[in-house]
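Colleague: Could you take me through this model and tell me how each label was earned? I would like the reasoning as well as the names.

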Amino acid sequence: MAPSSPQVVNRIAFVLKGYPRLSETFIAQEIFALERCGLEILIVSLRHPTDRTAHPVHQLIRSALLYLPEYLYQEPRRVWRGWLRSRRRSGYHTALRAWLADLHRDPTPNRIRRFGQALVLAAELPKNVNHLHAHFLHTPASVARYAALITGLKWTVSAHAKDIWTVPEWEKRIKLAQARWVVTCTEAGRSHLASLAPRRNTVALCYHGLDLERFPAAPPRSNGGDGGDPEHPVILLSVGRLVAKKGYEDLLAALALLPPVLEWRFVHIGGGALGTALMRQAERLGLTHKIEWRGALPQPDVLAGYRQADLFVLASKIAKDGDRDGLPNVLIEAQSQRLACVATYVSGIPELIERGVTGLLVPPDEPVGLAQAMSALIRDPARRAALGAAGERRVRSNFAMKSGIDVLAGRFGLLSADRQALSLLNVSQPLRYTHRLGQDAVFQSTGSPLREGLVSQQSRK
């Protein structure tokens with residue numbers, strides 16, 4: 001069957017690296033929307049959650065949840081049972097040969113863990129699951145691929161950012177040849193992957209888009225200050241993980257270059273491994289008194305942050321290991337709130353922001369240029385308002401969630417999203433979770449999946 005042909009799916013397993021995650025709202029949004037289109041989903045997570053809270057959309061998702069062993073040594077009996085069951089499957093030796101070939105090229109503990117997780121997944125997969133779909137081309141796609149070889153199921157993948165640019169070329173070629181189809185969220189990523197695929201139409205562009213019900217138009221926004229009033233500083237906002245590819249080191253350097261006469265305050269939302277180092281950098285630059293680090297926040301608080309800010313800034317760059325953004329959803333969210341944006345020429349960002357029309361773009365790794373762009377917009381509230389209004393029009397016209405969901409619904413043989421209500425709002429009462437964790441525990445709550453306990457019981461297979 002041609003890669004673009006739809007496949008009717010009874011139940012699909014979505015293989016994710018971790019769930020739920022505050023930084024992957026777009027995945028949760030997609031799962032919920034596909035549920036509303038009629039797709040029955042099993043969420044398979046390779047890792048347990050680490051965030052202390054969750055977004056409202058996570059509480060609306062009905063899908064069962066299967067956690068695989070995060071590390072094989074933690075659940076040896078479960079891994080052993082997975083191997084005993086999987087080795088009886090007709091595809092086991094094909095999967096074993098594929099894994100050994102990969103292990104020869106990549107002799108790492110992570111590669112071993114992927115195969116162990118695939119053994120457990122293949123053994124514990126409910127019989128009514130007839131398709132595997134991985135989010136991210138690296139680890140989740142490896143687990144999905146090995147499990148698919150064992151079980152004989154078809155598998156597909158959504159590629160995003162880091163996974164596209166840090167996976168070795170040999171591995172990308174193999175996965176692109178074996179996956180039924182691939183979607184990715186930027187034209188930059190699509191063209192790169194298509195150049196490696198044996199069939200160029202294997203890879204399709206599918207923007208995540210924005211659920212406009214969760215991001216309704218912002219209330220009327222004042223033009224804000226021009227940086228000349230100490231009582232009303234211009235509020236600069238950035239939302240993103242504190243990791244190298246987000247360029248926060250460059251952003252702090254650019255803030256230090258802003259003219260001393262300008263009155264501004266910088267707010268950051270998000271967590272990440274570089275938090276301590278960046279706070280120390282801010283202290284060395286004498287910026288601590290002008291910066292508010294809010295940490296990772298749930299969606300409603302992020303939305304409030306957009307509406308309180310005057311200018312959004314994201315200094316994305318290509319990290320030393322090749323990691324980079326795709327099309328950061330935070331830029332789409334910010335523009336939906338009529339917030340002017342300054343960003344960089346990286347990956348899919350120019351696919352969203354039209355330079356000088358819906359925002360300003362500067363080269364990555366150039367704090368001087370970034371400082372000049374921020375300074376110009378701090379001083380010019382009328383231009384900020386014009387850019388913000390143009391950005392909102394573009395997002396609401398071209399980057400609504402529905403288009404991307406229609407693409408996926410068609411791929412899975414479902415009705416168009418036109419036939420379903422995709423709003424994440426107006427849910428009259430909490431939904432009840434029944435999440436499977438391995439073979440021995442069922443998770444049940446009527447609220448956030450991060451706040452309730454585990455109820456041990458016999459596995460229902």
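What follows is a conversation about salt bridges, burial, cores, a pocket and some backbone details.

Modeller: Happy to help. Please keep in mind that this is a predicted model.

Colleague: Why is the pair R78 and E124 called a salt bridge?

Modeller: The rule asks for a side-chain nitrogen of Lys or Arg within 4 Å of a carboxyl oxygen of Asp or Glu. For R78 and E124 the N to O distance is 2.9 Å, so the pair qualifies. R78 sits in helix α3 (residues 76-86) and E124 in helix α5 (residues 109-124), and the two are 46 residues apart, so this pair links distant parts of the chain.

Colleague: What makes R78 and E124 count as buried or exposed?

Modeller: Buried means under 20% relative accessible area. R78 has 5% and E124 has 2%, so both are called buried.

Colleague: How do you know that D102 and R145 tie together parts of the chain?

Modeller: Their closest N and O atoms are 2.7 Å apart, and the limit is 4 Å, so the pair is a salt bridge. D102 belongs to helix α4 (residues 92-105) and R145 to helix α6 (residues 139-151), so the bridge connects parts that are 43 residues apart in sequence. D102 and R145 are both buried.

Colleague: What separates K402 and D406, and what makes K402 partly exposed?

Modeller: These two are four residues apart in helix α17 (residues 401-411), which means about one helical turn between them. Their side chains meet in a salt bridge, 2.6 Å from N to O. The relative accessibility of K402 is 33%, which lies between the 20% and 50% cut-offs, so K402 is partly exposed.

Colleague: Which residues are joined into one network by salt bridges that share partners?

Modeller: That network consists of D102, D106, R111, R114, R145, E171 and K175. By the same rule, the count of salt bridges comes to 23.

Colleague: Let's turn to the interior. Which residues have the most contacts inside the largest nonpolar core?

Modeller: They are L255, Y306 and F312, in a core of 58 residues. Helix α15 (residues 367-379) gives the most to this core, with six residues. Apart from it lies another core, of 43 residues, among them L42, Y92, L137 and I164.

Colleague: What is L255 in contact with, beyond its neighbours within four places in sequence?

Modeller: Its partners are L236, W264, F266, L287 and M374. L255 is also one of the buried residues of helix α10 (residues 248-256), along with Y248, D250, L251, L252 and A254. The cover over the buried residues of α10 includes β8 (234-239), β9 (264-269), α11 (275-284), β10, β11 (311-313) and α15.

Colleague: Why is E292 called partly exposed?

Modeller: Its relative accessibility is 30%, between the 20% and 50% limits, so that is the label it gets. E292 is found in strand β10 (residues 291-293). Setting aside residues up to four places away in sequence, E292 touches R265, F266, V267 and H268. The C-alpha atoms of E292 and H268 are separated by 6.3 Å, although the two are 24 residues apart along the chain.

Colleague: And why does Q299 count as buried?

Modeller: At 8% relative accessibility, Q299 falls under the 20% cut-off, so it is buried. Q299 lies in helix α12. Without its neighbours within four places in sequence, Q299 is in contact with T25, H55, P56, R214, F215 and E333.

Colleague: Which residues are the closest to the centre of the largest pocket?

Modeller: The largest pocket has a volume of about 1300 Å³. Of the 50 residues that line it, the closest to its centre are L22, S23, E24, R241 and K246. The elements giving two or more residues to the lining are α1 (25-36), α7 (162-166), α12 (299-308) and α13 (329-336). The lining divides into 19 nonpolar, 16 polar and 15 charged residues.

Colleague: What makes the peptide bond between Y19 and P20 noteworthy?

Modeller: That bond is cis, with omega about -10 degrees. P20 lies in the loop between β1 (11-16) and α1.

Colleague: Where is D365, and what is its phi?

Modeller: D365 is in the loop between β13 (360-362) and α15. Its phi is near 65 degrees, a positive value in a residue other than glycine. With 43% relative accessibility, D365 stays between 20% and 50%, so it counts as partly exposed.

Note on methods:
Residues numbered from 1 in each chain as written. Predicted model: local features only at pLDDT ≥ 70, side-chain atom pairs only at ≥ 80, totals over all residues. Heavy atoms only, no water. Core = buried A, V, L, I, M, F, W, Y, C linked by side-chain atoms within 4.5 Å. Buried < 20%, exposed > 50% of the residue type's maximum accessible area, 1.4 Å probe, protein only. Contact = heavy atoms within 4.5 Å. 1 Å grid on protein atoms, 1.4 Å probe; cavity = no way out; pocket = protein on both sides within 12 Å on 5 of 7 lines; lining within 4 Å. Points joined across faces, edges and corners; volume = space filled by probe spheres on them. Nonpolar A, V, L, I, M, F, W, Y, C, P; charged D, E, K, R; others polar.
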